[in-house]
Amino acid sequence: MCGIFGISGHPEAAAMTHLGLYSLQHRGQESAGIVSTNRAGEVHGIRAMGLVSDQFSPERMLELSGPVALGHTRYSTAGSSTIENAQPAMVRFKGGHIVLAHNGNLTNAPEIRGELEDEGSIFSSTMDSEVIVHRLAKSKALRPEEKLAEALEGVEGAYSLLVMIGTTLVAARDPYGWRPLVMGTINGAVVFASETCALDITGATVVREIQPGEIVAVEPDGTSRTLQRKAASNLHRCVFEYVYFARPDSKVFGGSVDRARRALGRQLAKEHPAPGADFVFSVPDSSNSAALGFSEESGMPLELALIRNHYVGRTFIQPTQSGRDAKVKVKYNAVREILEGKSVVMVDDSIVRGTTTRGLVALVRAAGAREVHMRVSSPPITGPCYYGIDTPDKEQLIAANNSVAEIARKIGVDTLGYISLDGMLQSVPNGPDGFCHACFSGQYPTKPPTAPEKLRLG
Ligand code: AMP
């Protein structure tokens with residue numbers, strides 16, 4: 001999954017992008033990049049493995065001048081975790097430069113790549129997004145937004161895109177609206193970001209969401225053009241953005257993430273109360289709001305029984321299992337003074353492999369909890385995501401291979417309750433229709449990719 005940010009018409013475009021990326025760090029921690037263009041169309045970029053806070057020193061930022069910039073934070077769902085795959089992707093072609101930042105997964109990228117390679121294209125990365133760059137370079141269309149529309153023809157799957165073609169900044173969302181993308185403004189400059197929290201940090205005001213199927217082109221003088229491709233009649237917005245991925249201080253798909261998570265927590269308490277428990281606590285930070293909702297609905301006090309080390313990133317961002325295992329204890333500790341002798345409700349937003357959860361339950365028991373009742377604010381994850389969330393193959397998904405009772409036993413809890421699919425869809429803003437819930441329901445809105453393993457080339 002990734003975070004994208006772009007700005008046009010601002011004298012300090014790169015510095016604004018740098019700020020924006022800080023607020024999109026949760027969307028990807030493997031690599032970060034910023035590319036800027038000056039009025040002469042000269043492009044400068046910095047891409048590096050690691051965190052935003054480590055990569056862009058004031059000296060390096062001086063290299064990035066001009067009124068247009070775009071940035072990206074990445075963790076790999078397609079392509080391996082290497083510097084060649086860091087974005088924004090940047091190429092020079094006979095028409096100038098193309099710079100691209102992508103959030104999502106293109107489900108037919110392997111086929112398109114094969115076609116392009118048959119025609120002689122040479123790829124410099126294993127990223128799915130590179131196929132769009134090649135198609136852009138080949139397009140004969142005149143305007144940047146028309147080039148992008150042409151390049152996206154027949155491209156399937158999820159994409160929110162920011163592209164710089166010359167000095168034009170172009171934003172696009174796939175016709176199903178899988179991934180969020182919002183537009184804002186600051187002092188006449190136009191800003192695009194995955195989430196509104198990245199506009200807040202720059203002082204920009206939210207204007208609106210980019211519509212599914214829409215392409216917006218912006219010039220550095222502030223003029224903009226819109227091209228509406230055929231939008232799908234049924235949207236596939238990713239419900240997991242509300243459940244886990246986005247920040248609670250953001251609005252995505254026009255709805256508040258905090259409100260969504262609280263409603264999920266309330267619904268969870270209705271569906272799976274835990275009468276007799278002493279208190280509820282969250283697995284920080286992503287389930288804080290859901291635990292609050294559970295507490296509000298059940299009347300049970302909310303405690304801070306797990307403490308998270310904020311200097312450690314999201315566990316899944318470690319691409320290997322051994323890295324993930326070691327990280328559980330590095331990332332969390334339990335507060336004995338709160339837990340000792342108590343019957344407790346532990347709320348988390350999701351269980352994927354079960355590795356972290358099992359480790360957490362062990363921590364909570366070791367700190368003296370008498371009974372552990374786990375409540376999960378999303379349904380069991382039974383299938384992989386092909387559209388940009390880093391859920392693993394079916395074999396590794398605990399709920400794909402075990403009943404709820406078996407999962408409870410494996411993770412070591414006394415009781416386990418997951419919110420229902422309907423309960424989740426009724427709880428999120430602008431629901432219940434128009435969401436992709438394939439990882440929970442198995443209802444994949446597109447045919448599954450012919451070569452799913454190639455979506456994870458690394
Ligand atoms: P596990 O018990 O190993 O399945 O891990 C569950 C934890 O992973 C929960 O606390 C979730 O908030 C978190 N989580 C869920 N999906 C993802 C993801 N795609 N990337 C990183 N962490 C995730």
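**Close-up views of the ligand shell and helix α10**

**View 1. Composition of the shell around the ligand in the predicted model.** Sorted by class, the residues that make up the shell around the ligand are seven nonpolar, six polar and four charged. The ligand is surrounded by 17 residues, and the closest of these are Y244, D348, V352, R353 and T357.

**View 2. Polar contacts of the ligand with Y244, D348 and G354.** The side chain of Y244 places an N or O atom 2.7 Å from a nitrogen atom of the ligand, while an oxygen atom of the ligand lies 2.6 Å from a polar side-chain atom of D348. With G354 the contact involves the backbone, a polar atom of which is 2.8 Å from an oxygen atom of the ligand. Of the 500 Å² of accessible area that the ligand has on its own, the protein covers 98%.

**View 3. Helices that contribute to the shell around the ligand.** Two helices, α8 (239-245) and α13 (355-366), each provide at least two residues of the shell. The largest share, three residues, is supplied by α13.

**View 4. Helix α10 and the elements that cover its buried residues.** In helix α10, which spans residues 288-298, the buried residues are S289, A290, A291, G293, F294 and S295. The cover over these buried residues includes the helix α9 (257-271) together with the strands β17 (279-282), β18 (302-303), β21 (343-348) and β22 (371-376).

**View 5. The residue that follows helix α10.** After α10 comes G299, for which the phi angle is positive, with a value near 75°.

Terms used:
Residues numbered from 1 in each chain as written. Predicted model: local features only at pLDDT ≥ 70, side-chain atom pairs only at ≥ 80, totals over all residues. Heavy atoms only, no water. Near = heavy atom within 4 Å. Polar contact = N/O pair within 3.5 Å; in protein donor to acceptor, adjacent residues only side chain to side chain. Areas by Shrake-Rupley, 256 points an atom, 1.4 Å probe, with all protein chains shown as cover. Helix = DSSP H or I, 4+ residues; strand = E, 2+ residues; numbered from the N terminus. Nonpolar A, V, L, I, M, F, W, Y, C, P; charged D, E, K, R; others polar. Buried < 20%, exposed > 50% of the residue type's maximum accessible area, 1.4 Å probe, protein only. Contact = heavy atoms within 4.5 Å.
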